[in-house]
Structure formats: C-alpha cells, structure tokens
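Thanks for coming. I have one structure to show, and I will keep to a few parts of it.

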Amino acid sequence: MRQVKGRALWLGNAGDLRDARVVTAAGVGAVVELADSEQLAVLPRELVRCRFPLSDGGDNPAWLLRLAAESVAAFVRAGVPVLVCCSAGLSRSVCAAAAGVALAEGRPLPEALASVAGAGPADVSPGLFVQFQRALGG
C-alpha cells in the first residue's frame, strides 16, 4: 500500500486488504476495490466499501468505469482518505485513481495518471487506459 504524494489517496493490491489494521492505521476511511476475480476481503464495518468488477483486458462497460472514477472522485473531493486497490495494484487501481483525480481536480487524464503513477510501480494496461479516457469523454 502506497500513498499518492500530497493526497489522502492510497494505491494497493488485494493482499493489502488481508490486514485491515494496516489500512485503518493509515487513516483510510473508504476502500474502492476493482475486483476482477479476487475474493471479497473481510473489512471492519466502519470502512466504506465500493466494489467494481473491472478487467484489465476485457471490455468494461463505460458506465461501470465512469462509476468507479466518480466514486474515487467523490472521496477525493470530500477529503475522505481512500484506498484504491486491485489484484496487483499496478494497473486497474492506478487507472481508476487517476480517473478520480482527473474528475475531482478538472485535470486531463494523462496528466492525472502521471501524478498518480509517480507514487510507485505501475504497469497500466493501455487498453484499460483508453477505456477510461472514452468513459470520461476524453
């Protein structure tokens, strides 16, 4: 789990959710899971949870991508510390977090992606990035 510099936004992987104490100790108040086939993690009831079944390689419905991005943006705008996670924490989480930042801050998605990806390792699926761009109208 790694924090995006200057934001109450974390990127993580499915393994990060196995120990909810680490998540809550970081001050996270909401979790956005971008589950493709990952099992549902057991989280304390005080954490808000959103779960979106996104895929790196497949066609994701534009409405689902938009909903995931809008959810991240809503948490960012409200100042709620949020963890966005996927299987490995390298593609879906980075894309959705960037899309949320782009919406919340009125920035172009490529610029938001560069900012979010600077938090650490990233291996963004080009196809998923294009899907997010289309879903956000870019």
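I will go through the sheet, then one loop residue, then a pocket.

A word of caution before that: what you see is a predicted model.

Start with the sheet. It is an open sheet of five strands, and the order across it is β1-β2-β5-β3-β4, with mixed pairing. At the edges stand β1 and β4, each with a single partner strand, so one side of each has no neighbour in the sheet.

Now the strands one by one, beginning at the β1 edge. Strand β1 covers residues 2-3, and it pairs with β2 in the antiparallel sense over two bridges. If you want a position to look for, find Arg-2, which stands opposite Leu-11 in β2. The two strands, β1 and β2, make a hairpin with five residues between them. In that turn sits Gly-6, with a positive phi of about 80°.

Next is β2, residues 9-13. How many of its five residues are buried? Four of them are, so to speak of the strand as mostly covered is fair. On its other pairing, β2 is joined to β5, residues 82-86, by five bridges, and these two run parallel. Leu-11 comes up again here, since it stands opposite Val-84 in β5.

From β5 we move on to β3, residues 30-33. These two strands pair in the parallel sense over four bridges. A pair to look for is Ala-30, opposite Val-82 in β5. As a general point, strands of a sheet pair through backbone hydrogen bonds, either parallel or antiparallel.

Leaving the sheet, let me turn to a loop. Between β4, residues 48-51, and α2, residues 62-78, there is a loop that holds Asn-60. Is this residue, Asn-60, buried or exposed? Its relative accessible area is 11%, and the limit for buried is under 20%, so Asn-60 counts as buried. The side chain of Asn-60 reaches the backbone oxygen of Ser-55 at 2.7 Å. Leaving out residues up to four places away in sequence, Asn-60 touches Pro-53, Leu-54, Ser-55, Leu-65, Leu-128 and Gln-131. Ser-55 therefore appears both as a residue that Asn-60 touches and as the one whose backbone oxygen the Asn-60 side chain reaches, with Asn-60 itself buried.

Last, the largest pocket. It holds about 170 Å³ of space. Its lining is made up of 13 residues, and those nearest the centre are Ala-14, Leu-17, Glu-38, Gln-39 and Ala-41. By class, the lining has seven nonpolar, two polar and four charged residues.

That is what I have for today.

Methods:
Residues numbered from 1 in each chain as written. Predicted model: local features only at pLDDT ≥ 70, side-chain atom pairs only at ≥ 80, totals over all residues. Heavy atoms only, no water. Buried < 20%, exposed > 50% of the residue type's maximum accessible area, 1.4 Å probe, protein only. Polar contact = N/O pair within 3.5 Å; in protein donor to acceptor, adjacent residues only side chain to side chain. Contact = heavy atoms within 4.5 Å. 1 Å grid on protein atoms, 1.4 Å probe; cavity = no way out; pocket = protein on both sides within 12 Å on 5 of 7 lines; lining within 4 Å. Points joined across faces, edges and corners; volume = space filled by probe spheres on them. Nonpolar A, V, L, I, M, F, W, Y, C, P; charged D, E, K, R; others polar. Pairing = 2+ DSSP bridges.
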